[in-house]
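Here is a friendly walk through one protein model, meant to be read with the structure open beside you. Shall we start with a strand and work outwards?

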Amino acid sequence: MNGQFDFLVIGDDEPSLAAAAAAAKAHARVALLTSADRKKRAAAASPAIANFVWRRLDLQDYDLTLEPVSARVTLLKEGAPVATYANARETAEELAEKGSPDHLLWRDFVEDMTLLAGAPPYAPAGYEKPGAPDIKAFAALLADPARLEQAARLFGSCGDILDDYFSDERLRSHLGAHALGAGGRGDREAGSAQALAEFLDADSWRVRAPKGGVALRAVLEQVCQDMGVETTHKKPVDVIANGKFSQISFDGDDKIKVKHLFFATPAAARQWGVSDGRSAQGSGMLSEGAHADFTVRFKLNDTIEAPLNNPGAIFQVIDDGGDIQAARNAALQGRLCDEIPVEFEFAGNGEVIARSAYLPAAFFEDGEWRAWTGQDRQAAASIIKDRLSSRMPGFASLIRRTETELSAPPSGASPFANCGRVIIQPHRHNAISAAVKLIDQVMAGDD
């Protein structure tokens with residue numbers, strides 16, 4: 001692969017592929033860097049596809065079958081599971097049936113959070129562009145009391161908003177776990193309210209490929225190919241910043257010039273040692289929002305019944321609401337927490353896929369930071385196995401094999417440390433639509 005490109009999109013998850021395809025269809029020249037050793041795995045839940053992305057990429061022309069996640073379920077240490085649904089009426093009825101005192105507030109809460117999620121941002125998220133801030137946009141924000149109040153709420157904490165609405169502690173714990181779990185945020189952390197608002201948006205609910213159906217990722221890979229996205233698996237070895245472009249050299253003789261480096265998810269950026277447009281190395285905790293994403297695929301000797309007999313749901317395991325902030329604090333301190341919140345689901349092939357974002361980006365021992373080791377991976381997998389076993393008796397005895405995947409900064413220097421114009425999409429529940437909107441923003445304001 002050689003030549004000049006508008007974007008180098010790095011990553012092979014669904015948001016990365018959708019952003020690359022959307023930019024190429026808008027006549028940008030796009031290169032895609034994916035991992036050479038990515039394994040083909042059974043499809044699990046993926047980010048949802050918004051209608052505008054579906055139409056933009058003509059996904060109706062592909063043999064794609066999707067189904068919604070049936071419910072979000074939290075398995076607390078004590079008491080019955082707590083479940084919510086994409087349909088507000090169904091959730092209100094479920095809460096009333098379970099005796100929650102807050103069932104009458106649910107619809108108002110969803111409507112308020114939907115309005116909050118739609119509040120226009122002051123600046124495009126994830127794009128660090130040199131130059132003076134947009135003073136006019138900031139002045140307009142200060143002049144509009146309604147927008148200023150929305151911004152203040154979004155910069156607040158998830159826990160504060162939930163405390164304002166609900167007296168049911170179990171419901172608050174459930175919402176905090178699902179809203180914050182994928183991003184590894186704390187419920188008392190400034191800015192975590194935005195994740196709560198996004199979680200209730202229709203586009204944030206993930207979709208599933210039914211057993212035997214075509215996986216969303218496979219379809220998006222085909223769309224990229226059809227749109228003329230040039231893909232490489234070669235390892236980048238050198239980056240030279242040169243004005244508006246960065247020249248990237250790969251293994252072999254391949255060299256490209258790119259205007260923008262685009263990470264559609266923070267996990268993709270972490271894997272390449274990039275944080276907020278800079279090298280993540282040598283910065284202690286790596287960044288204020290640093291954590292690792294850890295996934296364990298449990299291959300079983302026999303099937304196990306899903307909680308609530310609902311294999312189409314996405315589950316969270318927490319003991320109580322205090323687990324969320326405690327696990328977040330442990331991750332920032334560089335240590336594992338035995339009570340980490342864990343999300344899991346049932347794949348179409350019978351695997352149980354568990355993940356947690358409440359793992360440290362690096363470990364702090366004896367006054368120094370160090371990278372992950374194989375022993376750390378084993379310890380994290382053991383904690384997750386124990387968390388699932390505590391909610392599904394007999395689960396551990398059915399495990400035939402486990403496979404782990406880690407998204408954490410590498411121990412060496414990032415090859416992109418000197419690359420300018422780096423775009424990192426922050427964690428978003430509606431990750432695909434957010435990535436497409438962000439790449440559109442960059443193209444519209446390109447100079």
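Which residues of strand β2 (residues 30-33) point one way, and which the other way? Val30 and Leu32 share one direction, while Ala31 and Leu33 take the other. Whichever way they point, these residues are all buried. That fits a general pattern: side chains in a regular strand alternate between the two faces of the sheet. Please keep in mind that this is a predicted model.

**Neighbours of the strand**

Strand β2 has partners to look for. Strand β1 (residues 3-10) runs parallel to β2, and four bridges join the two. One place to see this is Val9, whose bridge partner in β2 is Leu32. Between these strands the chain passes through helix α1 (residues 14-25), giving a β-α-β crossover that is right-handed. Strand β7 (residues 230-232) is also parallel to β2, with three bridges between them. Here Leu33 stands opposite Thr232 of β7.

**Nonpolar cores**

The largest nonpolar core holds 66 residues. Those with the most contacts inside this core are Trp106, Phe109, Phe298, Phe344 and Leu388. Phe344 makes a good landmark to click on. Setting aside residues up to four places away in sequence, Phe344 touches Leu75, Pro307, Ile314, Phe315, Val317, Val352, Ile353, Ala354, Leu388 and Met392. Apart from that core lies another, of 36 residues, with Ala21, Leu59, Val223 and Ala435 among them.

Ala435 turns up again around Gln425. That glutamine sits in the loop between β20 (422-424) and α15 (431-444). Is Gln425 buried or exposed? Its relative accessible area is 2%, and because buried means under 20%, Gln425 counts as buried. Leaving out neighbours within four places in sequence, Gln425 is in contact with Phe263, Ala264, Thr265, Pro266, Ala434, Ala435 and Leu438.

**Cysteines**

How many disulfides does the structure hold? The count is zero. Two cysteines worth finding are Cys158, buried at 0% relative accessibility, and Cys337, buried at 9%.

**Salt bridges**

The structure holds 25 salt bridges. Three of them are listed here, each with its N to O distance and the relative accessible area of both partners.

| Acidic partner | Basic partner | N to O distance |
|---|---|---|
| Asp58, 26% | Lys25, 30% | 2.6 Å |
| Asp163, 36% | Arg172, 21% | 3.3 Å |
| Asp376, 8% | Arg370, 24% | 2.6 Å |

Take the pair of Asp58 and Lys25, whose side chains meet in a salt bridge. Asp58 lies in the loop between α2 (51-56) and β3 (67-68) and Lys25 in helix α1, so this pair ties together parts that are 33 residues apart in sequence. Asp58 is partly exposed, and Lys25 is partly exposed too.

In the pair of Arg172 and Asp163, the arginine is partly exposed, as is the aspartate. The pair of Asp376 and Arg370 is mixed: Asp376 is buried, whereas Arg370 is partly exposed. Elsewhere in the model, salt bridges that share partners join Arg206, Arg208, Glu343, Glu345 and Arg355 into one network.

Note on methods
Residues numbered from 1 in each chain as written. Predicted model: local features only at pLDDT ≥ 70, side-chain atom pairs only at ≥ 80, totals over all residues. Heavy atoms only, no water. Buried < 20%, exposed > 50% of the residue type's maximum accessible area, 1.4 Å probe, protein only. Contact = heavy atoms within 4.5 Å. Pairing = 2+ DSSP bridges. Right-handed = clockwise from strand over helix to strand, strands pointing away. Disulfide = S-S within 2.5 Å. Core = buried A, V, L, I, M, F, W, Y, C linked by side-chain atoms within 4.5 Å. Salt bridge = Lys/Arg side-chain N within 4 Å of Asp/Glu carboxyl O.
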